[in-house]
Amino acid sequence: LPTITTPNDVLTVITLGETDPLSDDQHFLAAAVVDEKSGALVELPLTINEGGPKGSLFLVHAAPGAPAVDVIIDKSGLSLTGLAYKDASKLVELAPGKYPVAVRPAGTMNTVLQANLKVLPGLHWTLIAHGLVTGGATPLRVTALPRPLDAQTSWRLANTVPDAPELALSPTDPPLTVTYGQASAVMATAVPAPDFTVQLVGTPMLRWSVAVPQMVVDATQGQLVTVLATGTLKDAMKPLAVLAVLDNSATETMPAQVISLMATQAKLRGAATR
């Protein structure tokens with residue numbers, strides 16, 4: 001606490017910022033204290049408790065234009081190698097602290113993305129690499145989604161389609177809409193079955209029917225599932241795809257389970273003829 005305080009002072013502590021492990025320093029978790037008598041506002045110095053319980057993470061490769069990648073986590077002695085598009089990594093447990101991270105095309109020293117990972121005690125994350133390696137307004141980046149360890153049957157939608165500013169999923173009431181690079185809140189229900197529809201918001205002609213077979217429904221019981229829309233709308237070689245990522249299935253020896261769901265683009269019916 002600041003040295004300006006004296007006995008019987010009334011202080012209000014304000015916490016602000018983000019716990020996202022990929023936040024920059026300016027937006028990461030911070031705290032300040034207000035002396036209610038004088039009105040003085042003092043920022044409190046915060047450091048990560050490196051003696052706290054470990055955090056964990058795994059990575060999903062959802063960047064349609066990127067080759068298989070290696071992810072190097074400095075200081076930890078750990079790396080994720082040969083991670084291909086639409087695949088997930090094994091679980092990585094890390095002591096709390098800060099870790100420089102580099103993403104490289106598999107087997108090379110050419111770094112295409114650098115980040116500073118800030119691991120807080122006891123927090124767990126699903127990381128998603130998405131965007132385009134070259135060109136465009138959506139460069140390669142990584143988004144972090146919280147991953148509760150005590151997850152029950154639930155799901156959320158993540159939009160990682162670089163040329164889809166906003167996607168809508170139905171049937172939900174109202175339709176669930178998610179902007180690019182974001183994920184919805186977690187719904188405490190099973191994934192919609194036997195099918196659901198994904199549509200580009202504002203363009204009804206661009207919609208896909210996504211089948212959810214019974215084996216997927218069974219596999220996702222008791223799991224948090226990230227329904228991940230990836231691919232592109234303009235490249236026929238990397239069409240829109242929908243993955244069901246079982247967030248809590250990753251272990252230190254086995255990658256998280258990723259199930260590809262069949263997505264069929266709806267065809268417009270032509271005008272009736274006589």
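K86 counts as partly exposed, because its relative accessibility is 30%. This residue lies in the loop between β6 (78-83) and β7 (92-94), and although K86 is not a glycine, its phi is positive, at about 75°. As with every value in this report, these figures come from a predicted model.

**Overall build**

The protein contains one helix and 20 strands, and its C-alpha trace spans about 90 × 45 × 40 Å along the principal axes. Of its 274 residues, 42% count as buried, while the accessible surface comes to about 14600 Å², with 56% of that area belonging to carbon and sulfur atoms. When contacts between residues at least 6 apart in sequence are considered, 58% of them join residues that are at least 24 apart.

**Cis peptide bonds**

Two proline residues follow cis peptide bonds, and they are set out below with the loops in which they are found.

| Peptide bond | Omega | Loop holding the proline |
|---|---|---|
| S170 to P171 | about 10° | between β13 (166-170) and β14 (176-179) |
| A193 to P194 | near 5° | between β14 and β15 (195-200) |

**S154 and its surroundings**

S154 lies in strand β12, which covers residues 154-159. Is S154 buried or exposed? With a relative accessibility of 9%, which falls under the 20% limit, S154 counts as buried. Leaving aside residues up to four places away in sequence, S154 touches V186, M187, A188 and T189, and also Q223, L224 and V225. For L224, which is 70 residues away from S154 along the chain, the separation of the two C-alpha atoms is 4.9 Å.

**Nonpolar cores**

The largest nonpolar core has 26 residues, and within this set W155, F196, V227 and L261 touch the most other members. V227 is in contact with two of these, W155 and F196, and also with R156, L157, A158, V191, V242 and L243, again not counting residues up to four places away in sequence. A second core, separate from the one just described, is made up of 22 residues, among them A63, A66, V101 and L117.

**Internal cavities**

Rolling a probe the size of a water molecule over the atoms shows where empty space is left. For this model, the count comes to three cavities of 30 Å³ or more, and the largest of them has a volume of about 140 Å³. Which residues lie nearest the centre of the largest cavity? They are L59, V71, V101, L127 and V142, which belong to a lining of 13 residues; V101 is also a member of the second core. By class, the lining of the largest cavity consists of 13 nonpolar residues, with no polar and no charged residues.

Several strands contribute to this lining: β4 (55-61), β5 (69-73), β8 (97-105) and β9 (113-119) each supply at least two residues. The largest share, three residues, comes from β9.

Methods
Residues are numbered from 1 along each chain as its sequence is written. This is a predicted model: local features need pLDDT of at least 70, side-chain atom pairs count only at pLDDT 80 or more; totals for chains, interfaces and linings use all residues. Side-chain values use heavy atoms; hydrogens and water are left out. On a 1 Å grid over the protein atoms alone, a cavity is a set of points where a 1.4 Å probe fits but cannot get out, and a pocket is an open set with protein on both sides within 12 Å along at least five of seven lines; lining residues have an atom within 4 Å of a point. Grid points are joined across faces, edges and corners, and a volume is the space filled by probe spheres set on the points. Helices (H or I, at least four residues) and strands (E, at least two) are DSSP runs, numbered from the N terminus. Ala, Val, Leu, Ile, Met, Phe, Trp, Tyr, Cys and Pro count as nonpolar, Asp, Glu, Lys and Arg as charged, and the others, Gly among them, as polar. Buried means under 20% relative accessible area, exposed over 50%, partly exposed in between (1.4 Å probe, protein chains only). Contact means heavy atoms within 4.5 Å. Accessible areas come from the Shrake-Rupley method with a 1.4 Å probe; for residues, only the protein chains shown count as cover. A nonpolar core is a set of buried Ala, Val, Leu, Ile, Met, Phe, Trp, Tyr and Cys residues joined through side-chain atoms within 4.5 Å.
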